[in-house]
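Me: Here is a model to go through. Please take the helix packing and then the cysteines.

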Amino acid sequence: MKKNLIIGCGYLGKRIAHNLQETGIEVCGTTRSGARAAELEEAGIPAALLELETAGEASALEGEWEAAVYCAAPGRDGREALVFRDAAAVCRDRLAENGLRRFVYVSSTGVYHQDSGERLDETSPAEPPEGRPALLREAEEIILEGAACENIVVRLGGLYGPGRSPIEWLRRPGFRERLGGSAEAWMNWIHIDDAAAAVCAAVNRGRKGELYLGVDGAPVKRIDFYRYAAKLAGEEPPELDTASTDRGKRLSNRKLIEELGVSLLYPDYLRGLESIA
């Protein structure tokens, strides 16, 4: 039986694990927390503790794994350089030493620097100047340059789903005041279930050295997205910046659909949000 490791088995990783299990693949999910490990076990996902600061000596990376998915997040402690870039390379190299065949790194469409409403795909330049996007872009390059195993990158758009959607966000105190961004900027979303399917398709059918965009392929302006979410939530729509010249970007999912054969459950934000409401 094939064995896959999910490094950072949280909101997304848990769904990836269940999808892989449904296809007969044995999985293990890593976490830093003993309490979280117990939750994963209760959900039917074998768990292992992994502290990324000491990944080079971690027992969780020993043994033979067919494939690994890296979707770790820094949480609230701000270790972005470690989690997004440095530990990813350490984990990949350590696993490759033990015969890993495929390593899938989950990145973000935030690496694209364009903000004039351009239509972009996997061949478009991505040159973020600083911050988290720059760290992710550095990590992508490090991962794809490795030759010890088949390295693949999946850039996911904005994730939403049950428990983590604007329908819930708009009901939270203070959310409206913290909501920034241009009202007219294009946004690129993907429902959590489709995001998990996209990553699993990369695990099973992705090509070595390739990157794939995991978006629903139906870009939406920020104002329209939040107006519809507010309608479903029974709330007033938020006030957004109408003076900004930021127009975002519009991302294609053609490669995801045509090359990986992903069939989206929620091909636009309307159906995605309606399913949650």
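Reply: The questions below cover one helix pair and the cysteines. This is a predicted model, in which local features need pLDDT of at least 70, side-chain atom pairs count only at pLDDT 80 or more, and totals for chains, interfaces and linings use all residues. Residues are numbered from 1 along each chain as its sequence is written, and side-chain values use heavy atoms, with hydrogens and water left out.

Me: Are α1 and α7 parallel, perpendicular or oblique to each other?

Reply: Helix α1 spans residues 11-22 and helix α7 residues 192-205; helices are DSSP runs of H or I, at least four residues, numbered from the N terminus. Their axes, lines fitted to C-alpha atoms over the stretch in contact, lie 9 Å apart at an angle of about 55°. Angles under 35 degrees count as roughly parallel, over 145 as roughly antiparallel and 65 to 115 as roughly perpendicular, with the rest oblique. The pair is therefore oblique.

Me: How many disulfides does the structure hold?

Reply: A disulfide is counted when two cysteine sulfur atoms are within 2.5 Å. For C71 the closest cysteine sulfur, in C9, is 6.8 Å away, too far for a bond. For C91 the closest is in C71, at 11 Å, also too far. The count is zero.

Me: Is C91 buried or exposed?

Reply: Buried means under 20% relative accessible area, exposed over 50%, and partly exposed in between, with a 1.4 Å probe and protein chains only. C91 has 0% relative accessibility, so C91 counts as buried.

Note on methods:
Axes fitted to C-alpha atoms, helices over the stretch in contact; angles between N-to-C directions. Helix = DSSP H or I, 4+ residues; strand = E, 2+ residues; numbered from the N terminus.
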